[in-house]
Amino acid sequence: MSTTTKSNALDGAHPDTLAIRVGHVRTAEGEHAEPIFLTSSYVFDDAAEAAARFAGERAGNVYSRYTNPTVRVFEERIAALEGAEDAVATASGMAAIMSTCLALLKGGDHIVCSRSVFGTTTVLFNKYLSKFGLEVTFVAPTDCSAWENAVRDNTAMLFLETPSNPLCEIVDLTAISALASNCGALLVVDNCFCTPVLQRPLDYGADVVVHSATKYLDGQGRCVGGVAVGSRELMEEVEGFLRSAGPTMSAFNAWVFLKGLETLRLRMEAHSANALALARWLQEQTQIERVFYAGLEAHPGHELAASQQRAFGGVLSFRVVGDRDSAWRFIDGTEFLSLTANLGDAKTTIIHPATTTHGRLTDEERDETGITENLIRVAAGLEHVEDIKADLQRGMAAL
Ligand SMILES: *Cc1c(COP(=O)(O)O)cnc(C)c1O
């Protein structure tokens, strides 16, 4: 037994082990849990050392906007789990998306983006990146020819989420990554809904994976954070941007996310099992018009999801028989489910997408994307599934 983990002891280890062990080198104190380096800056032994570190000639910490040992452990661990060379942690999921785009794109570039991405991603692209001469085309995520037709000479990035929120559309990672490499563009996948436990987009040819660590990586709704993952070459660019622009992850948040990673596999399996049981049960109820969950055999993306994911994840949605009032009565009829837009939490959450997360869409866009007024999204938590059903039953009784 040694007090420090030897660097090669984890070669070939399983993801469960990597999620718990990668990156932590014990200090002389012999601490068991990873320490939180809550320090903004670092001191140098002498003036020559300071000069060498500033010049980048000698490795070592300078300032926590650049590097922090606790944040570094989180980066190494998530890179190991995604099968990537490197990772860069950020202040939020949106900071990971922004940093990836601003570091890897330039004015005049064109992005092809799934139209079923996180709402704020759409706002970032349409309202802010467009100010700097980046153009975006949105496409139906499951229509491969729509992706092909949208590509132009200046297309530099394809961006997607799979499964999508809230309708669980499944995008073919192999097909879209082949398209990206044919046209010399980067494929960026927001892997927030699956986490590396259920899906590793880099294995299918994606170039960069981004996460909102706020969701399943934390798993208990405590901290906001994000991370970008990819080759060392690409991550050096993202890290360089972060050093200058500043949306870095705090050491405390990195420590919380490290604790989250230790139980990630167990939690993702439990979230997925609860969601599947709820989806199967809901589709048998006469008050429910349709259930959207890729774990159901009738779902158009079922086989594709089964081929690129290890399980179907924790998020499902369904249309109640009726209209907006019916959906609201259902939601207000539940008693312990959390009415919040968050997901990836031990607590089951429920939300009405058409008037909250997707409230910015026009009626026409909502019809096109299927986010109808009678649609409800549930992110299955870790409570006992029979108790979640009982609360949804209260919602149904209110219809
Ligand atoms: C929440 C979320 C984001 C944004 O993450 P923040 O941590 O809230 O900035 C991005 N993508 C997806 C899919 C999300 O669910």
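Just after helix 2, Gly 56 takes a positive phi of about 75°. This value, like everything below, comes from a predicted model.

Helix 2 itself, residues 47–54, is a handy place to start looking at what is hidden and what is not. Its buried residues are Glu 49, Ala 50, Ala 52 and Arg 53. Looking down the axis of helix 2, these buried residues fall within an arc of 165°, so they line one face of the helix. The other side of helix 2 holds Ala 47, Ala 48 and Phe 54, which are exposed. As background, an α-helix has 3.6 residues a turn, so residues three or four places apart point the same way.

Zooming out, the protein splits into domain 1, covering 8–261, and domain 2, covering 267–397. The C-alpha centres of domain 1 and domain 2 sit 27 Å apart. As for who touches whom, 28 residues of domain 1 are in contact with 35 residues of domain 2.

How much area do domain 1 and domain 2 bury between them? The figure is about 2700 Å², with 58% of it on carbon and sulfur atoms. On the domain 1 side, Leu 167, Leu 198 and Tyr 216 supply 27% of the area buried against domain 2, more than any other three residues. The size of an interface is often given in just this way, as the accessible area lost when the parts come together.

What about polar partners across the boundary? Between domain 1 and domain 2, the count is 13 residue pairs in polar contact, both residues being at pLDDT 80 or more. Salt bridges are another story: the rule finds zero of them across the interface of domain 1 and domain 2. Helices also take part, since helix 5 (119–128) and helix 8 (195–198) each supply at least two residues of the side of domain 1 that touches domain 2. The largest share of that side, three residues, comes from helix 8.

One residue deserves a closer look. Arg 267 lies in helix 11, which runs over residues 264–282. Is Arg 267 buried or exposed? Its relative accessible area is 6%, so Arg 267 counts as buried, the cut-off being under 20%. Setting aside neighbours within four places in sequence, Arg 267 is in contact with Tyr 216, Leu 217, Asp 218, Gly 219, Gly 260 and Leu 382. The last of these partners, Leu 382, is 115 residues from Arg 267 in sequence, while the two C-alpha atoms are 7.7 Å apart in space.

Notes: Residues are numbered from 1 along each chain as its sequence is written. This is a predicted model: local features need pLDDT of at least 70, side-chain atom pairs count only at pLDDT 80 or more; totals for chains, interfaces and linings use all residues. Side-chain values use heavy atoms; hydrogens and water are left out. Buried means under 20% relative accessible area, exposed over 50%, partly exposed in between (1.4 Å probe, protein chains only). Helices (H or I, at least four residues) and strands (E, at least two) are DSSP runs, numbered from the N terminus. The arc is that of the directions from the helix axis to the C-beta atoms. Domain bounds come from an automatic or database domain assignment. Contact means heavy atoms within 4.5 Å. Buried area is the accessible area (1.4 Å probe) that two parts lose on being put together, summed over both. A salt bridge is a side-chain nitrogen of Lys or Arg within 4 Å of a carboxyl oxygen of Asp or Glu. A polar contact is a pair of N or O atoms within 3.5 Å; within protein, one must be able to donate a hydrogen and the other to accept it, and residues adjacent in sequence count only if both atoms are side-chain atoms.
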